[in-house]
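Let's take a walk through this protein together, with the sequence and the model side by side. Bring them up, and we will go one region at a time.

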Amino acid sequence: MRVRTPWPTALAAGLLAAAVLGAAGTTARAAGDEGTRTVEYFPDSRGAGRHTEAPTSPPGRISREQQAPAVAPDATPVTPLQRTGPSDGRLDLVVIGDGYTADQQGDFHQDAQAKLDAIFAIEPYKSYQGLFNFWLVDAASNQSGVSGDPTKDVVRDTAVSSYFFCSDTERLLCVDEKKVDTYAQQAPGSDIVFVISNSSKYGGAGYSGLTSTAGHTGIATMSSDNDRSYLIGAHELGHSIGLLADEYQYDGYGTYPDSEPAEPNTTKQTADGMRSMQTKWYRWLGQNDPAGGTVGAYEGAGYYEYGIYRPTQNSIMRALDTDAFNLPGREAMIAGFYRNADLVTAAGTLRVDLAPLPKGLADVQVRWYVDGAEVVGAAGERALKAASLNLRKGTHTVTAKAVDRTTALRDPAARQAASNSVTWTVSG
Ligand SMILES: [Zn+2]
């Protein structure tokens with residue numbers, strides 16, 4: 001990607017009294033301990049998330065039984081499941097299998113494909129899949145399955161030490177962050193990491209605000225053989241790519257105490273307030289929403305019950321009983337795709353490659369300009385011949401500009417960002 005965007009760190013201040021996310025990302029716990037981090041998990045496969053403290057590396061009862069892997073991390077095969085362009089112009093999604101032995105990597109590939117298929121069937125992932133590269137990292141585990149499955153006392157020796165019952169929370173599936181980083185470094189780019197853990201037990205986790213050598217700032221874990229776990233990955237990308245807030249609340253958490261939140265899908269304003277101040281999702285108010293109902297201002301979001309509003313009654317950022325982003329969330333996701341990926345890249349003189357975005361939400365067109373004036377009739381072409389331009393003597397600037405005219409973006413700044421261009425200097 002071109003610009004790194006942090007996962008949201010503006011979690012409720014009270015919730016994070018014991019831990020500070022951000023550059024450092026961890027708080028020391030005790031001598032010899034790596035520290036802890038605030039992670040998100042989903043206790044119920046159709047419900048809202050929770051946050052808790054989790055260690056950045058597994059506890060002694062697990063790490064004591066882990067040996068060097070049969071295949072060294074730096075000799076681990078990486079498969080480009082989807083490569084649509086150069087890493088600096090794409091979102092690189094790295095998928096690491098855990099709890100698969102060297103002989104089970106075929107299983108891992110099938111499980112990874114199934115998870116990605118499920119996530120990328122959801123809009124707007126579906127329409128913008130062409131802005132992603134997918135890398136499969138075949139981490140070889142010494143044992144099959146993961147720790148904490150089915151019960152807390154079970155320990156398995158796996159490549160990145162996945163374990164349920166992390167921080168005594170059954171559905172919280174933690175990993176060793178350093179080991180994940182080592183494997184992710186094998187891929188050509190790493191913006192976001194999914195760890196798919198070989199288990200049929202429901203669980204997962206969202207790690208955000210990371211710093212890593214591989215480059216990713218977030219990790220989402222999910223169990224392989226549970227048919228609801230992909231929603232954890234789909235939700236966590238909402239934070240990492242869309243910079244979206246959680247739209248759920250905690251019972252008894254009371255009234256939101258802070259200033260206007262930065263995230264695009266929560267606000268202190270009512271619908272009337274947004275309309276009169278022309279702020280947040282005012283352009284979408286009253287629209288029928290793919291997540292159900294109409295866009296408005298629904299009280300309760302960002303962990304608080306009162307004084308803060310979300311766009312729709314439900315959405316994937318509120319509870320995992322739906323896979324739908326609401327319209328403001330969808331817009332934020334598409335804006336995030338374009339912060340991190342390029343529509344068009346140079347493929348030679350007066351020749352471009354266009355990210356493969358099938359017509360759906362996306363509606364992309366290439367237009368050509370000479371010295372700022374559009375070349376009539378060249379719209380949609382991937383290449384031009386200089387001779388066809390009938391250039392006068394002297395040097396000229398030729399620009400190919402790709403624009404996404406999607407109606408899913410209403411914010412003019414986001415629409416502006418949903419384009420990029422390549423320029424050549426040619427002689428007439
Ligand atoms: Zn969340």
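How far apart do the C-alpha centres of domain 1 and domain 2 lie? In this model, which is predicted, the two centres are separated by 38 Å. The domain assignment of the protein places domain 1 at residues 36-240 and domain 2 at residues 343-427. Where these two meet, nine residues of domain 1 and 10 residues of domain 2 take part in the contact.

Let's look at that meeting place more carefully. The size of an interface is often given as the accessible area lost when the parts come together. Here, domain 1 and domain 2 bury about 720 Å² between them, and 64% of that area is on carbon and sulfur atoms. If you would like to find the main contributors on the domain 1 side, pick out Arg 90, Ser 127 and Tyr 128: these lose the most area to domain 2, and together they account for 55% of what that side buries. As for specific interactions, two residue pairs are in polar contact across the interface of domain 1 and domain 2, both at pLDDT 80 or more. Salt bridges across this interface number zero. On the side of domain 1 that touches domain 2, the residues divide into four nonpolar, three polar and two charged.

Now turn to the start of domain 1, which begins at residue 36 in the domain assignment. Thr 36 sits in strand β1, which covers residues 36-41. Is Thr 36 buried or exposed? Its relative accessible area is 5%, so Thr 36 counts as buried. The side chain of Thr 36 also has a partner, making a polar contact of 2.9 Å with the side chain of Glu 53.

At the other end of domain 1, residues 230-240 form helix α5. This helix is mostly covered, with 11 of its 11 residues buried. Polar and charged names appear along with the aliphatic ones: the buried residues of α5 include His 235, Glu 236 and His 239, as well as Leu 231, Ile 232 and Leu 237.

Salt bridges are our next stop, and a search of the whole structure finds eight. One of them links Asp 272 and Arg 275, whose closest N and O atoms are 3.1 Å apart. Why are these two separated by about one helical turn? They are three residues apart in helix α6, which spans residues 271-277. Asp 272 counts as exposed, at 57% relative accessibility, while Arg 275, at 45%, counts as partly exposed.

Finally, go to domain 2 and find Asp 363. Its side chain meets that of Lys 359 in a salt bridge, at 3.4 Å from N to O. Lys 359 counts as exposed, with 71% relative accessibility. Asp 363 also forms a salt bridge with Arg 405, the closest N and O atoms being 3.2 Å apart. Arg 405 lies in the loop between β15 (395-404) and α8 (412-417), whereas Asp 363 lies in the loop between β12 (351-354) and β13 (364-370), so this pair ties together parts that are 42 residues apart in sequence. Arg 405 is partly exposed, its relative accessible area being 34%. Through shared partners, the salt bridges join Lys 359, Asp 363 and Arg 405 into one network.

Key. Residues numbered from 1 in each chain as written. Predicted model: local features only at pLDDT ≥ 70, side-chain atom pairs only at ≥ 80, totals over all residues. Heavy atoms only, no water. Helix = DSSP H or I, 4+ residues; strand = E, 2+ residues; numbered from the N terminus. Buried < 20%, exposed > 50% of the residue type's maximum accessible area, 1.4 Å probe, protein only. Polar contact = N/O pair within 3.5 Å; in protein donor to acceptor, adjacent residues only side chain to side chain. Domains from an automatic or database assignment. Contact = heavy atoms within 4.5 Å. Buried area = accessible area lost by both parts, 1.4 Å probe. Salt bridge = Lys/Arg side-chain N within 4 Å of Asp/Glu carboxyl O. Nonpolar A, V, L, I, M, F, W, Y, C, P; charged D, E, K, R; others polar.
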